[in-house]
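Please open the model in a viewer and keep a selection panel at hand. The tour below proceeds by selections.

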Amino acid sequence: MKTNNLIILADMYGCPNRCKHCWLGHMPNRKMPDNSDKLLVEYFKPYFHSVTFYSWVREPDYCDNYAERWEKDNEISVNSKPRRFELASFWRLVRDDNYVRFLKSVGVNTVQLTFFGTEKITDWYVGRKGAYQELLQATEILIDNQIAPRWQVFINAENATDIIQLLAHSKELKLSERCKTFGGDFSFFIHSGSCDGENRKLYPLRINEEDIPAELIPYYINFSETKTEAELCAILANDDTCFAYHNENEITLNIANNFDVYFNFTHMYPEWKIGNILSDESSEIVSRIINEDIPALRLARKTPTSELVKLFGNPQSHKIFDCIDDYKAYLLNKMIIAHS
């Protein structure tokens, strides 16, 4: 009996960047075999009402035949088509004049670009020299083609002052006014991001709430809802419920380029591995998916949040978290890694 709707995100081509905020975690780049797309859809098709296929987990359109690739993703999806959202490759935008026209042709009106401050620090976070200049160039290309850029900025203790300079530069470029000429809406927004994957390694650099410059607070998403770690420890100290990710009707899977399978819950680390397409029977993997039966989730379902706080929380810390679930996820992964 078929159940649920499945979304597959496959790391078919890799990523040009090694961003230090990446919640998925860093993976080696290797191109998956050309028939991997159909193999994955056929593997899961008998068990799900619909299967939506995307040929990327990390960088969108990171292949030379991106237009044909997008058509193929649509063609092999079953009872549901992939969507573009606000994702695009800034790496490709500055290297391929046809790419922005492709984005327009598939209905992309807004593209999110991620900064970490000005040039030196953005290049360091992205893991590639020239990334900052490419982001600026991509911004111009988008506006010239009537696509509105959204500047997403990750804040940490060491880049807050630099972000003030980046904000000033965005105003010097008159990005908001220029987007309005074609009905677009430029936005500049700040957050600290989740604390899993590569970003968990930046926990020592996570900014204290009181250290966020006042001039940046209006650009910080839902700043009034943020909490310090100390506040969260107090809130959760007596919370005897368990924090465990759970799917409803729609299930999203991340498929690594070695065919390992993960839920799209948190980082793609071994502790969260569901199985492997090439070595495990489809019925067994689907059973683990439907029943959410993997070691990390079994451990999560039997460990109260209060215990996580006791073991791994820091009640003296003023480090900021954007929401309570981000902090629970950080604590949960600390425990799971400790048990691995």
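The stops that follow treat a sheet, several helix packings and three loop residues.

**Conventions**

The model is predicted, so local features require a pLDDT of at least 70 and side-chain atom pairs count only at pLDDT 80 or more, whereas totals for chains, interfaces and linings use all residues. Residues are numbered from 1 along each chain as its sequence is written, and side-chain values use heavy atoms, with hydrogens and water left out. Helices (H or I, at least four residues) and strands (E, at least two) are DSSP runs numbered from the N terminus.

**Stop 1: the sheet of strands 3, 4 and 5**

Select residues 110-115, which form strand 3, and 187-191, which form strand 5. Add residues 148-154 for strand 4. Together these three strands make an open sheet in the order 3-4-5, with parallel pairing; two strands pair if DSSP finds at least two bridges between them. Strand 3 and strand 5 are the edge strands, each pairing on one side only. From one strand to the next, the twist averages 25°.

Next, examine the pairing. Six bridges link strand 3 to strand 4 in the parallel sense. Phe-115 has Val-153 of strand 4 as its bridge partner, and Val-111 stands opposite Pro-149 in strand 4. On the other side, strand 4 and strand 5 run parallel and are joined by five bridges; Gln-152 stands opposite Phe-189 in strand 5.

How many of the seven residues of strand 4 are buried? Six of them are, and the strand is mostly covered. Here buried means under 20% relative accessible area, exposed over 50%, and partly exposed in between, with a 1.4 Å probe and protein chains only.

**Stop 2: helices 5 and 6**

Select residues 131-144, helix 6, which packs on the sheet and touches strand 3 and strand 4. The direction of helix 6 makes about 165° with that of strand 3. Axes are lines fitted to C-alpha atoms, for helices over the stretch in contact, and angles run from 0 to 180 degrees between N-to-C directions.

Add residues 119-126, helix 5, which packs against helix 6 at about 100° with the axes 7 Å apart. Helix 5 is therefore roughly perpendicular to helix 6; angles under 35 degrees count as roughly parallel, over 145 as roughly antiparallel, 65 to 115 as roughly perpendicular and the rest as oblique. Display the side chains of Glu-119, Thr-122, Asp-123 and Val-126 in helix 5 together with Ala-131, Tyr-132, Gln-133 and Leu-135 in helix 6, which make the contact. Contact means heavy atoms within 4.5 Å.

**Stop 3: helices 9, 12 and 13**

Select residues 324-339, helix 13. At 1.5 Å a residue, its 16 residues should span 22 Å, and the 23 Å between its end C-alpha atoms agrees; the expected span is 1.5 Å times one less than the number of residues. The buried residues of helix 13 include Tyr-327, Ala-329, Leu-331, Leu-332 and Ile-336. Among the elements covering the buried residues are helix 9 (229-236), helix 11 (295-301), helix 12 (305-312) and strand 10 (320-321).

Turn to helix 9, which packs with helix 13 at about 85°, the axes being 11 Å apart. That angle makes helix 9 roughly perpendicular to helix 13. Glu-229, Leu-232, Cys-233, Ile-235 and Leu-236 of helix 9 make the contact with Ile-324, Tyr-327, Lys-328 and Tyr-330 of helix 13.

Which residues of helix 9 meet helix 12? Glu-229, Cys-233 and Leu-236 meet Thr-305, Ser-306, Val-309 and Phe-312. Helix 9 and helix 12 pack at about 140° with their axes 9 Å apart, and are therefore oblique to each other.

**Stop 4: three loop residues**

Select Phe-259, in the loop between strand 7 (250-255) and strand 8 (260-263). Phe-259 is not a glycine, yet has a positive phi of about 75°. Its relative accessible area is 7%, so Phe-259 is buried.

Move to Glu-292, in the loop between helix 10 (282-291) and helix 11. Glu-292 has a positive phi of about 50° although it is not a glycine, and is buried at a relative accessible area of 7%.

Finish at Asn-264, in the loop between strand 8 and strand 9 (273-276). Is Asn-264 buried or partly exposed? At 28% relative accessibility, Asn-264 counts as partly exposed. Not counting residues up to four places away in sequence, Asn-264 touches Leu-9, Trp-23, Thr-252 and Asn-254. The C-alpha atoms of Asn-264 and Val-57 are separated by 9.8 Å, the two residues being 207 residues apart along the chain.
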